Every structure is written in structure tokens, then in C-alpha cells.
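Reader: I would like to go through this protein fold by asking about its parts in turn. Please keep the answers short.

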Amino acid sequence: AESPLALRHATRKRQRHAQPAEKAQGTTRDSPEDVRVGSARDDTLSSPPQRVRVAAGAGVAEPEQLLVAVLAPISWRVPPRHYGPWEQFASLLTEGLVGRGLDVTLFATADSVTGARLVGTAPTGYSEDPALDAKVWESLHISAAFERAGEFDVIHNSFDFLPLTYSGLVTTPVVTTIHGFSSERIVPVFEQYNARGYYVAISDADRHEKLDYVATVHHGIDIQQFELVPTRGEYLLFFGRIHPEKGTVEAIDVAVRAGVPLTIAGIIQDEDYFARCVKPRLDGEHVSYIGPVGTDRRSDLLGGALALLHLVNFDEPFGFSVVEGMACGTPVIAHPRGSMPEIVRDGENGFLVRSVEQAVDAVRAAQGIDRVAVRRSVERRFDSNRMVDDYIAVYHRVVELHRARRFQREEASTI
């Protein structure tokens with residue numbers, strides 16, 4: 001027998017779907033942010049890319065009508081205790097949707113903390129408990145969401161490519177936020193479900209040429225959690241996972257050349273790299289490692305820095321720490337790779353550099369930057385409220401597209 005919750009959701013869905021689809025309406029705000037929505041995947045539904053006006057505050061067109069499942073990763077708890085950018089995204093989005101009045105079910109670890117309805121299969125994150133087998137708990141986690149697909153208007157997949165292999169088994173549309181591609185080897189899964197799914201990029205730079213997207217939606221942060229520090233700090237900061245692609249050694253080189261102390265914070269993702277290249281250069285005075293930092297210390301650490309060094313050696317899809325640092329007034333010195341040119345405005349909230357020498361010059365320039373202007377540059381662009389509004393607009397657009405596709409297929413089957 002179905003649970004009372006499942007019956008209630010099914011009844012609400014039948015009542016709504018019996019009515020003609022209504023186009024989502026939005027209201028204009030002082031500085032409107034638009035979501036770029038691409039054409040539908042079915043050739044017969046294709047149309048030129050269009051702009052969808054995003055509503056502020058209350059969201060878009062009767063948000064209480066939407067029943068949304070958010071499928072989070074289970075490497076870490078939601079929200080994460082320290083590291084976990086995908087889990088951080090899932091938390092900010094879920095709590096924002098709940099705040100807009102949507103009926104949200106979060107599929108995450110059982111120890112997650114949320115204002116939504118929580119369905120937890122794995123007791124905790126497998127990166128937090130080595131006794132958990134990742135494949136086993138990921139399988140149970142994903143299946144738990146898709147076995148209840150009929151209860152929802154939209155499943156928002158924030159997990160990665162694996163849930164896409166379930167999407168052909170259900171009629172509920174699946175919106176997938178692609179957080180980047182760990183390698184080209186995973187792209188065939190996204191290609192396989194390109195015509196069925198609805199993909200969202202987290203930066204224009206991360207759009208893959210072989211895929212279609214319904215939108216680019218930059219991540220947002222809870223700006224209120226990050227306090228502006230108007231006076232410049234006395235140390236440089238590396239904030240992120242310690243791995244060659246994140247540029248930890250490059251940050252050390254720049255700090256030593258600039259003669260400014262460096263603090264390194266983050267999880268050690270590559271133990272060999274840390275042992276060979278980072279640990280020998282730690283002296284506790286000029287270069288210090290303080291480990292991963294939780295939300296209770298994050299704002300103080302970011303705000304107290306002269307500049308954040310983000311000298312990545314790969315095309316980073318997005319950078320939470322970059323935006324968080326700017327929210328504290330701290331300028332960011334970054335390589336112009338991936339999404340960095342979409343976030344860093346050279347000379348306004350940071351500097352885009354191509355060499356150690358340019359980065360050293362940027363450290364000197366950072367001493368005179370207007371930290372109030374740095375925060376102002378991200379307050380609206382990367383606020384989580386803007387992100388939530390953008391996704392609500394995407395949901396309504398996807399529901400509309402999905403209904404049109406189903407109607408078209410039904411019409412074709414009768415010919």
C-alpha cells in the first residue's frame with residue numbers, strides 16, 4: 001500500500017495535470033538577473049534560445065504548485081561540516097526553495113540538517129565513515145529517489161551522471177546541474193540522455209560542446225554569513241582542497257616571492273602531492289597549514305586575508321571560495337581559466353594573472369583595492385536568493401517543455 005504522503009502527492013499531481021499548463025510569470029526587480037534558456041531537445045520543439053525573466057522574493061508563479069525532489073550527493077552530510085561544495089549547493093538550494101514555499105523532499109545522508117522533508121538512506125557520508133561502501137550506498141540512495149519519482153513534478157539531480165541512467169524509467173522530468181566533468185570519460189552518459197534530460201551549467205565556461213542546456217545558473221552563497229572586513233589583512237590565503245590542479249604550490253611560490261605570510265586551509269586530497277611538494281615548505285611562520293575549516297571560522301579566515309590566491313591549473317567550473325572571499329571584501333588573484341573570468345573582474349574585485357610574476361605584482365596591487373567595492377561586486381550576482389529564483393524559473397520552464405513533449409509523443413502515436 002502507498003504511504004499517505006505518496007497518495008497526497010499523487011492526488012495533487014493528478015489535479016494539477018488535469019488543468020492546461022500555465023506559463024510561468026515573473027516580476028521585475030531593480031537589477032533583474034535573467035536565466036538563459038536554450039531550445040528543447042526534440043527537433044520539432046526547437047526554438048531560438050530565449051530569456052526568461054526571473055522573479056524576486058516570492059519566486060515564480062505559484063511556487064506551491066511544485067513538488068520538487070532534490071537528489072544530493074552522499075560523500076558528505078548536507079550541509080557539509082567543512083568541505084563539500086556539491087553538498088553545500090544542495091543545502092543552499094533546498095533551504096531557499098523551502099523558504100519560497102515549495103514542497104521539497106531532500107534525498108541526502110540521514111544525518112543531514114534541512115527544513116525540507118528528508119529521506120536518508122546512507123547513515124552518513126561515505127567520505128566521513130570509511131566503513132561505508134560508496135557504491136552500495138550510492139545505489140540505494142539513487143534508487144530511493146527514483147522509486148518515488150511519481151510523487152514529484154521535478155527531480156533535481158545534483159548527484160552527477162549516475163542518476164541519469166534511471167531517468168528513462170520514469171516520466172518525471174529530471175533537471176541535472178552539471179558540476180563539471182571529472183574527465184571526458186563520463187561525457188558519454190550525458191550524451192546518452194541529452195535528448196531526455198534537462199541540463200544546467202554552473203558557468204558558461206563549463207558548457208560542453210556535445211551537450212544541450214536549458215540554462216546557465218551560477219552558484220550563489222548566503223551573503224549574510226560572510227561579514228565585510230573593510231581593512232586589508234596581513235596574510236595571503238589558499239583555501240581549497242590540496243591537489244596539484246588547485247595550485248597549492250603556486251600559491252606558496254607567490255607568497256614567498258611577495259614576502260607575505262601564507263595560510264593554507266583545506267582537506268588534503270592528494271597525500272603524495274602534500275608530502276612531496278607542500279609539507280617540506282611548511283614552517284609555521286611564513287607558510288602554515290591549518291587543515292579544513294568549518295563554517296564557524298570560514299568568514300573570519302577569508303575576511304582577514306590580504307588576498308585569496310586561486311591559481312588553479314584546470315578549467316574550474318565554479319569556485320565557492322572565490323565568491324565567499326569577495327563577500328568578505330577580500331580580492332582574489334586567479335588564473336584566467338574556466339569560470340574565473342566570469343567571476344573575477346580584473347582590478348575591481350581581484351586580478352587575473354598568467355604567471356608567478358604577475359601574481360606577485362597583483363599582491364602589491366591588492367593592498368590598495370577598495371574592499372567595499374569587492375563585496376558589492378558579488379552581492380547580487382552571487383547571492384543564493386538569486387540562484388534559487390533562477391532555478392524556480394528553470395523548473396517551470398522544464399515542466400512546460402516536458403508536458404509539451406509528452407503531448408507531442410502522444411499525438412504522434414495516434415497517427
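Author: Contact here means heavy atoms within 4.5 Å. The model is predicted.

Reader: How many helices and strands are there in the protein?
Author: The chain has 415 residues, and 54% of them count as buried. Among contacts with a separation of 6 or more, 67% join residues 24 or more positions apart. The elements of the protein number twelve helices and 15 strands.

Reader: Which residues of H5 meet H10?
Author: Helix H5 covers residues 248-258 and helix H10 covers residues 356-366, and their axes are 9 Å apart. On the H10 side, the residues met are Val356, Glu357, Ala359, Val360 and Val363. By class, this contact of H5 with H10 has six nonpolar, no polar and two charged residues. On the H5 side, the residues are Val254, Arg257 and Ala258.

Reader: Why are H5 and H10 called oblique to each other?
Author: H5 and H10 pack at an angle of about 55°. Angles under 35 degrees count as roughly parallel and 65 to 115 as roughly perpendicular, and the rest, apart from those over 145, as oblique. The angle of about 55° is in neither of those two ranges, so H5 and H10 are oblique.

Reader: Is the crossing of H5 and H10 left-handed or right-handed?
Author: The crossing concerns the two helices that pack at about 55°. H5 passes H10 in a crossing that is right-handed.

Reader: What classes of residue make up the contact of H8 with H11?
Author: Helix H8 (residues 320-327) and helix H11 (residues 371-379) pack at about 130°, with axes 7 Å apart. That angle makes H8 oblique to H11. Val323, Met326 and Ala327 of H8 meet Val374, Arg375 and Val378 of H11. By class, these residues are five nonpolar, no polar and one charged.

Reader: What is the strand order in the open sheet of six strands?
Author: The pairing in this sheet is parallel. Its edge strands, each pairing on one side only, are E12 (287-289) and E15 (350-352). From one strand to the next the twist averages 20°. The order is E12-E11-E10-E13-E14-E15.

Reader: Which residue in E13 is the bridge partner of leucine 236?
Author: Strand E10 spans residues 235-239 and strand E13 spans residues 305-310. The two pair in the parallel sense over three bridges. For leucine 236, the bridge partner in E13 is alanine 307.

Reader: Which strands does helix H7 touch?
Author: Helix H7 (residues 295-303) packs on the sheet, and its direction makes about 135° with that of E10. The strands touched are E10, E11 (262-265) and E13.

Reader: Which strands are the edges of the open sheet of seven strands?
Author: The order in this sheet is E5-E4-E3-E6-E7-E8-E9, with parallel pairing. An edge strand pairs on one side only. The edges are E5 (117-120) and E9 (215-216).

Reader: Which residue in E5 is the bridge partner of threonine 105?
Author: Strand E4 (residues 103-108) pairs with E5 in the parallel sense over four bridges. The partner of threonine 105 in E5 is arginine 117.

Reader: At what angle does helix H12 run to E8?
Author: Helix H2 (residues 85-99) packs on the sheet of seven strands, touching E3, E4, E6 and E7, and makes about 160° with E4. Helix H12 (residues 384-413) lies across E3, E6, E7, E8 (198-201) and E9. The angle of H12 to E8 is about 155°.

Key. Residues are numbered from 1 along each chain as its sequence is written. This is a predicted model: local features need pLDDT of at least 70, side-chain atom pairs count only at pLDDT 80 or more; totals for chains, interfaces and linings use all residues. Side-chain values use heavy atoms; hydrogens and water are left out. Two strands pair if DSSP finds at least two bridges between them. Axes are lines fitted to C-alpha atoms, for helices over the stretch in contact, and angles run from 0 to 180 degrees between N-to-C directions. A crossing is left-handed if the near helix is turned anticlockwise from the far one by less than a right angle, and right-handed if clockwise. Ala, Val, Leu, Ile, Met, Phe, Trp, Tyr, Cys and Pro count as nonpolar, Asp, Glu, Lys and Arg as charged, and the others, Gly among them, as polar. Buried means under 20% relative accessible area, exposed over 50%, partly exposed in between (1.4 Å probe, protein chains only).
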